[in-house]
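Reader: Could you take me on a close look at the ligand site in this one? I'd like the surroundings, the contacts and the pocket in one go.

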Amino acid sequence: MNDRLKQLFASRFGDAADVRVYTAPGRVNLIGEHTDCHGGYVLPCPISFGIRGAARMRKDSLVRLYSENFPSPEPVAFSLEDLTYRKEHGWANYPKGVLWAFRNHKHVPSSGFDAFFWGDLPAGAGLSSSAALEVLTGVILKDLFGFSLERPEACTLAKLGQEAENHFMGVQSGIMDQCAIALGTPEHALFLDCGTLDYRQIPVPLQEHVLFILDSRKSRELVTSEYNRRREECAQALGELQRWGSWSALGEISPEEFAPHAPHLSDPLLRRRARHVILENRRTLEAAEALETGDLKSFGKLMNRSHLSLQFDYEVSCRELDCLAETCWQHSACLGARMTGAGFGGCVVALVQKDGASAFEEDIRREYARHMERECRIYRVSIPGGARRLS
Ligand code: GLA
């Protein structure tokens, strides 16, 4: 693959002398959904689909970017001095945004560069292709120009990616995706406290089990507006709860602290939103412990409860995701399944016993097509390392 990527780079940019090759995985969140924006816990892992990049420094200040996934006659080109968002630059605004974020922190490249990208992450499925591209760009910049970043470097790369996403692309999101991609470790899930960025890596035992990603192929149109609306509702709930305690984020409130005040919130909707975040946080803590002790049965049950909470309390699921999750729950080989990512379409993640995995795959495919009159896509994923240089 690395040689193929170099060939593709050469066909765009003349030759492949001195080209370096990099990779960044996508991510799937096992549990801890819609908690990162509220200073809560998450438990994502990198997946065996992602983006590769090949890059080389230039002698002038031009930046040229080409993606095999968005073919165009010419690469997107701009000067290092002109890091403004341009609609016509499409996907290339993500790497440009990372350059912009680096510059904000006084990391200014000494020259321009050429970069070629190629990815096999299913597009629009909520598996973090944008965060993968951001962190990949960060790794390329750091390596090509030898920037020394604040330690731990992977956390800084994640924060720079999030800065590009939030303030250059104008998309609100938490820190989970970039951290999962920057900090990923083979065969481990990342248990991350999004309030402090403290983390620990927990082994995921996939000898006897299979991690499935089931793509509903429902497009995620509502996701941006509803994501922002949920954040506002949670901010309002927090504001009301602060009458009874000095919490600065919903993620700091325990279920026991929440219970006596919940009935006094001004609107049942606010109660449900806050309840999701607060209970999901506790579930994520319990899930991390279950994973650490190898209790995958309990882990699976927590996944199922997480889905129900996203369906009824946070209300970010949809018919397609519910159909997939419910079909999984009925299957004897499935330990647990839930929608993953922001919601309103995208994917379900399922943990399945290896010896029933083929039958599971067949059954889900058939039942989803029967109920939803559309095909899903099913991927068996392994857990690779995080974003890094390959050669
Ligand atoms: C999106 C965001 C993440 C996180 C999830 C929901 O993927 O990018 O930061 O908020 O939604 O858990």
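Author: Quick definition before we start: a polar contact here is a pair of N or O atoms within 3.5 Å. Keep in mind that this is a predicted model. With that cut-off in hand, look at E33, where a polar side-chain atom lies 2.5 Å from an oxygen atom of the ligand. Y227 does something similar, putting a polar atom of its side chain 2.6 Å from a ligand oxygen. Then there's R27, with a side-chain N or O atom 3.1 Å from an oxygen atom of the ligand. As for cover, the ligand has 310 Å² of accessible area on its own, and the protein covers 92% of that.

Now for the rest of the shell. Besides those three, the ligand is surrounded by H34, D36, S173, G174, M176, D177, G341 and A342. Sorted by class, the shell residues come out as four charged, four polar and three nonpolar.

Zoom out a bit, and you'll find the ligand sitting in the largest pocket. That pocket has a volume of about 990 Å³. Its lining runs to 41 residues, and Y94, S128, S129, S130 and R220 are the ones closest to the centre. Classwise, the lining holds 18 nonpolar, 16 polar and seven charged residues. If you'd like to trace it by secondary structure, try β5 (113–119), α3 (129–145), α5 (176–183) and α6 (223–241), each of which supplies at least two lining residues.

Methods. Residues are numbered from 1 along each chain as its sequence is written. This is a predicted model: local features need pLDDT of at least 70, side-chain atom pairs count only at pLDDT 80 or more; totals for chains, interfaces and linings use all residues. Side-chain values use heavy atoms; hydrogens and water are left out. A residue is near a molecule or strand if one of its heavy atoms lies within 4 Å of it. A polar contact is a pair of N or O atoms within 3.5 Å; within protein, one must be able to donate a hydrogen and the other to accept it, and residues adjacent in sequence count only if both atoms are side-chain atoms. Accessible areas come from the Shrake-Rupley method with a 1.4 Å probe; for residues, only the protein chains shown count as cover. On a 1 Å grid over the protein atoms alone, a cavity is a set of points where a 1.4 Å probe fits but cannot get out, and a pocket is an open set with protein on both sides within 12 Å along at least five of seven lines; lining residues have an atom within 4 Å of a point. A molecule sits in a cavity or pocket if more than half of its atoms lie within 2 Å of its grid points. Ala, Val, Leu, Ile, Met, Phe, Trp, Tyr, Cys and Pro count as nonpolar, Asp, Glu, Lys and Arg as charged, and the others, Gly among them, as polar. Grid points are joined across faces, edges and corners, and a volume is the space filled by probe spheres set on the points. Helices (H or I, at least four residues) and strands (E, at least two) are DSSP runs, numbered from the N terminus.
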